[in-house]
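Work through the exercises below with the sequence and the 3D structure open. Each task is followed by a solution in steps.

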Amino acid sequence: RIGTAALAVQVVGSNWPKPHYTLLVTGLCRFQILQLLKEKPYPVAEVQQLDRLEQFTNGHKSEEELGELSEQFYKYAVQLVEMLDMSVPAVAKLRRLLDNLPREALPDILTSIIRTTNQEKLQILDAVRLEERFKMTIPLLVRQIEGLKLLQKTRKSKQDDDKRIVAIRPNRRISHGSITEDEEEEEDHDDVVMLEKKIRTSSMSEQALKVCLKEIKRLKKMPQSMPEYALTRNYLELMVELPWNKSTKDRLEIRAARIVLDNDHYAMEKLKKRVLEYLAVRQLKNNLKGPILCFVGPPGVGKTSVGRSIAKTLGREFHRIALGGVCDQSDIRGHRRTYVGSMPGRIINGLKTVGVNNPVFLLDEVDKLAKSLQGDPAAALLEVLDPEQNHSFTDHYLNVAFDLSQVLFIATANTTATIPPALLDRMEVIQVPGYTQEEKIEIAHRHLIPKQLELHGLTPQQIQIPQVTTLGIITRYTREAGVRALDRKLGAICRAVAVKVAEGQHKEAKPDRAEVGEGEDCKEHVTEDAKPESISDTADLALPPEMPILIDFHALKDILGPPMYDMEVSERLNQPGVAIGLAWTPLGGEIMFVEASRMDGEGQLTLTGQLGDVMKESAHLAISWLRSNAKRYQLTNASGSFDLLDNTDIHLHFPAGAVTKDGPSAGVTIVTCLASLFSGRLVCSDVAMTGEITLRGLVLPVGGIKDKVLAAHRAGLKRIIIPQRNEKDLEEIAAHVRRELTFVPAACLDEVLNAAFDGGFAGKARLEHLNSKL
Ligand code: ADP
C-alpha cells in the first residue's frame, strides 16, 4: 500500500499501430494509501505523505542518530562509484551527486542504480523509516562491491592470457549498459602517458605542441570505444612521427655532383648544366629559397632518374609523388579531421615516410593533374611550390603549419601546355628533348645494357650486343623520343638469352655435349675480360663454346619478332597528293603523312583523322590560298578548270586516324599536299616540313622544332623545310644531326613549294604560264 508520488515531466509515444507510451517522471516522496475513493476511469485515493517530513520537523535529531549509519553508507557508495570508469560522464556525475545530495536521499537513488531485483527495490520503498532503509541498502551495496572485485580479479587473469584487447572491449560495452562493471585500462593509460611524453620531448613547433597537448587532454577523458578516440590517437601519433626538426646534412660538392650526374646519365648537357648551376648556388648560399625546377620532355628521357641523381649528389632522401590523374585537392592537402577516414595529404605523408624535413620531392607528371568537383589540386600545389609561402604549409588534417622550405621540389611533365599558368609561373622549366639515334646507342651501351644484364643475372661473357644491333632495335623496333621501349626490348633479349644460358649450364653438366662454336676470338675475349674473382664461379658457365651469345639481326628477329617499323618513307610518296609533315606530341616529335584525294562532287572539303579546330582551319586556309593562286601555279581540277573546287570534292586525311591532332603547324604540309594533288607532281620523298600559314601565303614560326627535327632524322629524311623565323632554334640541335640534314628556311609558301618539289614549283609553273600565253 505504499507508493511513490511523482511529477509527470514528459509523455512520449503514439496510439498507432499499438498504444505505446513512455512516461518520464520525477519522484517526490513516498505515500501511503489511506482510502481508495474510486477506481474508474483511473484510481483516486486519499493518501498520506510518509517521508521527507521529518527532514523539516526533526531533521537535526535524525541526522545525529543516523550519523554513523549514513557515514558508513556514504563510504560504501563512494567505494563503489570509484571502482567504475570515471571517464564515463555518467559515472563522474554520480560521483558528484554523492557529495551534493542530502544523505537520506542516497539509499533511494543508489538502489535504483545498482543491480537489484524488483523485489528488493520494493522492499526499500516499503522501508519508511530512514534508519531501516539505510540498514537494508548497505548489504546490497556490499554485495555489488564484492561482485565488482571478483570481476576485476577474473579480468586480470584473463589479461595475463594476453587476450587483453579482446577482453577489454566487450566488457567495456557491458559496463556502459548498466554501470555494473568497471574498466580502467592501465595499459591504455600508460600508452597515452607515453604518447604525451613523446609529444613533450618531440621538437614540434610551438603551435603544434599546443594543439597536441589539447588533444591529449581530450584523449584522456575519452572512452576508448568512441570512434573519435582512434582518430585523435592516430593524429597524435602522426604529429609525433613527423620530422619537425630532423634533417640530413647536405654533402654538396660541385665536382662530385658533376661526376655523379655524368656517370648516371649520358648526354642531356643542357639539363645537367642547369642542375649544376642550381646546386652551385645552393653550395654558396645555404637555405636557398630557390626556384622549383620543372623538367619537361617526352617519356623515358630520364627526367625521373635525374631527380634521383640530384638527391644522391646532395645526400638527401628521395621521394616521388605521382600526380598523374590526381583530381582531388585533399590528395595534396589532406582531409579535415571531421571526415571519417580522413588522412593527411601526399606531401605530409611523404615527409612521414622519409622521416626528414629536407628530402628531394619529385612531383611526377604535374601536367596530368585533373580537375573535379573536389577542387583543383593544382591550386593546392601553388602553396606547396611557392618559396615565399611554403614555410607555413597547412595540411587540412594537421591543421597546423609545417615548414616545407627545406624540401627540394622537382617537378616533371610531358608538356607545359596543360600545366595551369599560375603553377607554371612558379617553376623554372627546363626542356629535356628526345635523344638522337647516336645518343640512344651510347645510352644503351653505357647504362641500359649493363643494367639489364645485372637484372637478369647475366655477364658480358654470356651475351654480346653489338652497336649495329642496338641501332637495329632503335630504328626497327622502337619509335620513341626516350629510351624506355628500347630498355624493354633489351630486357626481352636478356630474358631470351637467360633461357639459353640456363639450358647451356644444364648441357654442360653432361661434358660430352660440348661443341666448338663460332669465334675463337670470343673465347679470348672471355679470358681477357672476365674479372678474376668471377672466374672461379662463373667462368665455368661462361665457357660453353657458344658463349658469348652474339645478338645479330637473325637473333633479333627470333626474339623480338618481325620488325615493327619499316623505313617506309620513300615508298609512300609514289603518288601525287601525299606530303610529310612534322608534328609535335607530348611523346616527342613525329612524322606525319598528309594524304589528299579528289573526286567528282560539289566542292566540299572532307577532313578525317580526328582533327582539332585549329587544324581544320589550317586546311581551309590552305585551300583558299591555293584557289586564289591557282592560275599562277597552273593548278587545275580534274576537268582542267582553274576553279579548283568546281565539280570537285576534296578529301584530306591525317593518319594515324585514331590519334587526335591539333595545332597550326600542319599548314605548309597541307598546302604542299594539295599542290601536289592539283598539279599531279610528286613531292620529294626525303622532305619533311612544318610551319603555320596565313592567307597571304606567309609562313609563321611554330614550336617544338627540336623534337620535330629529331623525328625527321629518326625517320631517315634528308631535308626539312622550316619557317625562317625558326632558324634560331636549330642551334639547340646536336651538330652531327645538323650535318646530316639540310634545312630550308622558308618565309613564304612560294619558297616552301619550291623546296618541296624536285626542280622547284613556282618557277616552273611561271614558265609554263608564260608559255601558254605565247
Ligand atoms: P621519365 O621520367 O623521363 O619518363 P625515366 O627517368 O623513368 O624517364 O627514365 C627511363 C629510363 O631511362 C631510366 O631507367 C633511366 O635510367 C634511363 N635513361 C633515360 N635517359 C638516360 C640517360 N641520358 N642516361 C642514362 N640512362 C637514361
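**Exercise 1: Two loop residues**

Ala 267 is found in the loop between α10 (254–264) and α11 (269–284); helices (H or I, at least four residues) and strands (E, at least two) are DSSP runs, numbered from the N terminus. The model is a predicted one, in which local features need pLDDT of at least 70, side-chain atom pairs count only at pLDDT 80 or more, and totals for chains, interfaces and linings use all residues. Residues are numbered from 1 along each chain as its sequence is written, and side-chain values use heavy atoms, with hydrogens and water left out.

Task: Describe the phi angle and the accessibility of Ala 267, then do so for Asn 399.

Solution.
- Step 1. Ala 267 is not a glycine, yet its phi is positive, about 60 degrees.
- Step 2. The relative accessibility of Ala 267 is 8%, so this residue counts as buried (buried means under 20% relative accessible area, exposed over 50%, partly exposed in between, with a 1.4 Å probe and protein chains only).
- Step 3. Asn 399 sits in the loop between β7 (393–394) and β8 (401–402). Its phi is also positive, near 65 degrees, and Asn 399 is not glycine either.
- Step 4. With 49% relative accessibility, Asn 399 counts as partly exposed.

**Exercise 2: A cis peptide bond**

Task: Locate the cis bond before Pro 41 and give its omega.

Solution.
- Step 1. Pro 41 belongs to the loop between β2 (20–38) and β3 (44–49).
- Step 2. The cis peptide bond joins Lys 40 to Pro 41, with omega about -5 degrees.

**Exercise 3: Two helices**

Task: Which residues of α3 are buried, and how many of the 13 residues of α26 are?

Solution.
- Step 1. Helix α3 (residues 89–100) has 12 residues and spans 17 Å from first to last C-alpha, close to the expected 16 Å (1.5 Å times one less than the number of residues).
- Step 2. Val 91, Leu 94, Arg 95 and Leu 98 are the buried residues of α3. They lie on the same side of α3 because they cover an arc of only 100 degrees around the axis, the arc being that of the directions from the helix axis to the C-beta atoms.
- Step 3. The other side of α3 holds the exposed Pro 89, Lys 93, Arg 96 and Asn 100.
- Step 4. Helix α26 (residues 667–679) is mostly covered, with 12 of its 13 residues buried. Among them are Gly 667, Cys 673 and Phe 678.
- Step 5. Gly 680 follows α26 and has a positive phi, near 75 degrees.

**Exercise 4: The second largest pocket**

Task: State what lines the second largest pocket.

Solution.
- Step 1. A pocket is an open set of points on a 1 Å grid over the protein atoms alone, with protein on both sides within 12 Å along at least five of seven lines; lining residues have an atom within 4 Å of a point.
- Step 2. The lining has 26 residues, and His 265, Val 301, Gly 302, Ser 305 and Lys 451 lie nearest the centre of the pocket.
- Step 3. Two or more lining residues come from each of α12 (303–314), α17 (437–455) and α19 (484–509). The largest share, 6 residues, is from α12.

How values were computed: On a 1 Å grid over the protein atoms alone, a cavity is a set of points where a 1.4 Å probe fits but cannot get out, and a pocket is an open set with protein on both sides within 12 Å along at least five of seven lines; lining residues have an atom within 4 Å of a point.
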